[in-house]
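Here are some exercises to work through with the structure open beside you. Try each task before you read its solution.

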Amino acid sequence: MMGDILIKVENISKLYRLGEVGTGTISHDLNRWWAKIRGKEDPFARIGEVNDRSIKGESDYVWALQDINFELRRGDVLGMIGKNGAGKSTLLKILSKITQPTTGEIKIKGRIASLLEVGTGFHPELSGRENIYLNGAILGMTKMGIKKRFDEIVDFAGVERYVDTPVKRYSSGMYVRLAFAVAAFLEPEILIIDEVLAVGDAEFQKKCLGKMKDVSDRDGRTIIFVSHSMPMIASLCRRAIILKNGRMIFDGTASAAVHHYQNAGKENTGFLNFIDDSRKPGDYLGELLQAWVEDMNGKMKSELLINEGFKVVIRYIVKDKTPLAPLPNFHFFDQFGQYIFVSSPLPDKITLGIPGEYLAECLIPANFFNVGYFSIGVALTFHHSGIHVSFYEQHGLNITITEDMDNSFARTSNHGGEIPGVVRPFLNWNTIKTK
Amino acid sequence: MSDSKENIGLENAENWTEVISPSASLFDLRLKEVWRYRDLMMLLVRREFVATYKQTILGPIWFFLQPILTTITFVLIFGKIARISTDSVPMIIFYLAGITLWNYFSDSLNRTSTIFKDNASLFGKVYFPRLVMPLSIIISNLIKLGIQFILFLAFWLYFFLVKGNVHPNIFLLLTPVLVVIMGILGLGFGMIISAMTTKYRDLIFLLTFGIQLLMYATPIIYPLSSIPLRYKWLVLANPMTSIVETFRFGFLGSGYFSWGSLLYSIIVTLIIMGIGILIFNKVERNFMDTV
């Protein structure tokens, strides 16, 4: 299904001035004005730097965004990911016409409504009813449009009883419900949403997510969605972009983007090696030498097939004679950083605190994990009355599990899309005809 | 590349409803867009009234109390103590006429000049034509003026019918014109100041002082006739002067009226408005970066 292009973002950049506006401002303004009159370029634009908030820059000017390009078609749901300060908000602000780009152009077909915050323009003294009208109008609805949807809005928010009470007497939950409800009934072609779903109770969040899915699937609305919640991005969006220091570093499917984002900066995904390091992870009791993932033939790998078993291996040192039981353990996480499980050998199978070099293997059977991206934390703990942690490399190993479509006909033959879940074990089934 | 040429042709063929780019005409007021948001404008006017007088005991009665209290103060201080001439017009109606007009102008100016500062959080989160905001302020002040004008008319009728010491003439029909000029003047000044306060907050401190100074430079507490000839041009240079004087002349029969100075006020007003639109439009686009 290819809709027509609704948004075209071309070479968008934004230059920001840092620091205080003070006595220097007028002289800069005058300089810029003088340059403009003579037809020269902005003298301060040239010294803009890449925006990395952790590095102190030389210049007072930074590029909050640089050369952003993308297109969205009707019905597209685009996720936007990035750390704080990566430029997400700036891009949203430019898209919603709150501030102007320094260079570039955005072409839009249809009406844009942005929800950078719920309840924008709510006045505490006004009643719920009055605020629905006011907020709706601020978001671009006409009075007639709001009137038509009024009952639906109140119903969706579930605040029927309080609709004529000033909103300052509302609980914060009610306030947010009402605010979101107004926004949910907007009918623009393009909707921009910034993390507003991070509020409200779980039930209401679910309702909102449902509404959003509805809106994009059924009505073919185009949505741009910014969130720090990777599961939300993955479940709502088909496509996602990643911003880093004002640049777009990734544009692809939502799950690939989430994986890329989660694993940014991690190399050697299937292998950890500290043998030659003078400072190894660990302490006076134990140190990590190596850890890796290998297939059943003993070949080191980070990409595995769903129907092959694999081993997670750790080499470590126990440095001192201790009465404690050293336990190597592996912690498994899914692509969203959600804990799946932790595994360690039984204490009686290991030698009690005798110094030396050890190697431990954990066998993961074939057909256990679902396809996807997983990370494995590698740790050594000593158990006595409490737990002593020698080292813990939280997302030390990263693996991808894929499915060979030709050879797994039996598993996917009757299934169109992705099979949900983090694990996908083969279980024994017994099916009989009873009637 | 030959491909790119074709692409450009295609793009032109598509009709974008909107293009966001760094440069756009500074004189474009986008009135069509403002018109589309007219419901918002009226709701903002309503919010202004409801919110101002919620949780006050006297509520809308304050609309009447304000000018009455100011008039009493002026009568006591400028009339009785300082003994400033009122051109043989009864003091109460003389001051009330000035105050009614001046309140409209200064409220419009005051409120518009802090628009960006007051609404920074709103403007930072959602787009609507920013011009809606000052316009809604002008409209709500217009309604307030209407109410206070009724008060003025009541006093005026008393002096006209019972006392017979005010002498209205045909020029009172100019009142709507005067109101429009004042509205535009307040809007224009307000937009200039509001746009500049986003960057240079110093202006906010100057504003209260400036408005007060402007009031003394306008014949509110004194008639123009009491100004020595040498300084008259100075007071007449103030575009508000001929408005207040024309109003008094029409209703009270005393004051100064000339088509020339009224025309002068109109021209100045239009210039101020033009500058205001220019600066407002420029600042509107990027003020979120500096505010």
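**Exercise 1. A strand and its two neighbours**

Which residue stands opposite Phe225(A) in S8(A)? Then work out what lies on either side of S8(A), and how enclosed the strand is.

*Solution.* Keep in mind that this is a predicted model.

Step 1: start from the partner. Ile193(A) is the residue opposite Phe225(A). The pairing here is between strand S7 (residues 190-194) of chain A and S8(A), parallel and with five bridges.

Step 2: look for another neighbour. Strand S4 (residues 77-82) of chain A also runs parallel to S8(A), joined to it by four bridges. There, Met80(A) sits opposite Val226(A).

Step 3: sort the side chains. Thr222(A), Ile224(A) and Val226(A) point one way, Ile223(A) and Phe225(A) point the other way, and all of them are buried.

Step 4: conclude. Five of the five residues of strand S8 (residues 222-226) are buried, so the strand is largely enclosed by the rest of the structure.

**Exercise 2. Another covered strand**

Find the strands that pair with S15(A), and describe where its side chains go.

*Solution.* Step 1: check burial. Nine of the nine residues of S15(A) are buried.

Step 2: split them by direction. Ala325(A), Leu327(A), Asn329(A), His331(A) and Phe333(A) go one way, while Pro326(A), Pro328(A), Phe330(A) and Phe332(A) go the other.

Step 3: take the pairing with strand S18 (residues 372-383) of chain A. S18(A) and S15(A) are antiparallel, with nine bridges, and Phe330(A) has Val378(A) as its bridge partner.

Step 4: take the pairing with strand S16 (residues 339-343) of chain A. Four bridges join S16(A) to S15(A), again antiparallel, and Phe332(A) faces Phe341(A). The two strands make a hairpin with five residues between them, and Gly337(A) in the turn has a positive phi of about 80°.

Step 5: step back to the loop between S14 and S15 of chain A, where you'll find Pro323(A). Pro323(A) is exposed, at a relative accessible area of 66%. Its C-alpha is 8.8 Å from that of Ile354(A), 31 residues away along the chain.

**Exercise 3. A glutamate in a loop**

Which backbone nitrogen lies 2.9 Å from a polar side-chain atom of Glu308(A)? Describe the surroundings too.

*Solution.* Step 1: place the residue. Glu308(A) is in the loop between strand S13 (303-305) and strand S14 (310-318) of chain A.

Step 2: name the nitrogen. The backbone nitrogen is that of Leu305(A).

Step 3: add the contacts. Leaving aside residues up to four places away in sequence, Glu308(A) touches Asp295(A), Lys301(A), Glu303(A) and Ala366(A).

**Exercise 4. Where the two chains meet**

Describe the interface of chain A and chain B, from totals down to single residue pairs.

*Solution.* Step 1: get the totals. The contact involves 49 residues of chain A and 40 residues of chain B. Together the chains bury about 4,000 Å², 56% of it on carbon and sulfur atoms. Lys97(A), Ile98(A) and Gln100(A) supply 18% of the area that chain A buries against chain B, more than any other three residues.

Step 2: look for charges. The interface has three salt bridges. In one that joins Glu18(B) to Lys97(A), N and O are 2.4 Å apart.

Step 3: sort the side of chain A that touches chain B. Its residues are 18 nonpolar, 14 polar and 17 charged.

Step 4: check for strand pairing. S5(A) and strand S1 (residues 18-20) of chain B pair antiparallel over three bridges, with Ile106(A) and Ile20(B) as bridge partners.

**Exercise 5. A helix covered from both chains**

Is H3(A) largely enclosed or open, and what covers its buried residues?

*Solution.* Step 1: count. Ten of the eleven residues of H3(A) are buried, so the helix is largely enclosed by the rest of the structure. Among those buried are Tyr133(A), Leu134(A) and Ile138(A).

Step 2: find the cover. It includes helix H4 (143-157) and helix H5 (172-184) of chain A, along with helix H3 (38-53) and helix H7 (120-123) of chain B.

Step 3: follow the chain onward. After H3(A) comes Gly140(A), with a positive phi near 105°.

Conventions
Residues are numbered from 1 along each chain as its sequence is written. Chains are lettered from A and ligands numbered from 1 in the order in which they are written. This is a predicted model: local features need pLDDT of at least 70, side-chain atom pairs count only at pLDDT 80 or more; totals for chains, interfaces and linings use all residues. Side-chain values use heavy atoms; hydrogens and water are left out. Contact means heavy atoms within 4.5 Å. Buried area is the accessible area (1.4 Å probe) that two parts lose on being put together, summed over both. A salt bridge is a side-chain nitrogen of Lys or Arg within 4 Å of a carboxyl oxygen of Asp or Glu. Ala, Val, Leu, Ile, Met, Phe, Trp, Tyr, Cys and Pro count as nonpolar, Asp, Glu, Lys and Arg as charged, and the others, Gly among them, as polar. Two strands pair if DSSP finds at least two bridges between them. Buried means under 20% relative accessible area, exposed over 50%, partly exposed in between (1.4 Å probe, protein chains only). A polar contact is a pair of N or O atoms within 3.5 Å; within protein, one must be able to donate a hydrogen and the other to accept it, and residues adjacent in sequence count only if both atoms are side-chain atoms.
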